[in-house]
Amino acid sequence: MAQTKTSTQIRNMYCDLSCLNIKFYNVNLSLQFSPFMQKSPNGLNTYDKSKLLMTTIDYESAYSLYRAIEGIINNKYQNGVSLNIPCNDGMLILERKMDNGEFATFLVLTKNNTTIPFKFNTKIIKVNGSNDEVIESGLGVFLKTIEGYLTGINADRHLDKLTDDFAKLVNGD
């Protein structure tokens, strides 16, 4: 029997390396990486959607990402960390490592002999009378997006679509 292919957009995230498009796909979480192409004439990043890589992860993989990201945000991994998640003939890697003398967090998809990294953005808080503080803003957004997937926040619309698409498939529509 054929399977439905139902997706619902959740969020896009951007960095200077790539664009990360996050969707519900059937009952999984879909991650689509489009590599950076160039700056537009008005200075905005453009991304090459013709070279995108896509994968999906299930609830267990999403929870593994959730816990690893939570640890990064809570400063649990002082020397960096790497989480490898095999998926759809590829590898999804979350890594916290040194980048230009500072720790940075990347989500990397390697598939079909191609690798596209996504670097999570940060913001700096100026603290009076103390050292500035780095906020893991992009990583925090991604954490909350995964949390929403795991808890089913806003999944009603997607599940309704999935049910409708399945009914159409069964009825031959």
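Which residues does Leu 92 touch, not counting residues up to four places away in sequence?

1. Leu 92 touches Leu 31, Phe 33, Ile 57, Leu 65, Leu 83, Asn 84, Ile 85, Cys 87, Leu 107, Val 108 and Leu 109, contact meaning heavy atoms within 4.5 Å.

2. On the basis of these values: this is a predicted model, in which local features need pLDDT of at least 70, side-chain atom pairs count only at pLDDT 80 or more, and totals for chains, interfaces and linings use all residues. Residues are numbered from 1 along each chain as its sequence is written, and side-chain values use heavy atoms, with hydrogens and water left out.

3. The largest nonpolar core (buried Ala, Val, Leu, Ile, Met, Phe, Trp, Tyr and Cys residues joined through side-chain atoms within 4.5 Å) has 30 residues. Leu 92 and Phe 142 are among those with the most contacts inside this core. Helix 1 supplies the largest share of the core, six residues.

4. Helix 2 covers residues 137-151; helices are DSSP runs (H or I, at least four residues) and strands likewise (E, at least two), numbered from the N terminus. Its buried residues (under 20% relative accessible area, 1.4 Å probe, protein chains only) include Leu 139, Phe 142, Ile 146 and Tyr 149. The buried residues of helix 2 pack against strands 1, 2, 3, 5 and 8 and against helix 1. Just after helix 2, Gly 152 has a positive phi of about 80°.

5. Ile 125 lies in strand 10 (residues 123-125). Ile 125 counts as partly exposed because its relative accessibility is 33%, the class between 20% and 50%.

Notes:
Expected span 1.5 Å × (residues − 1).
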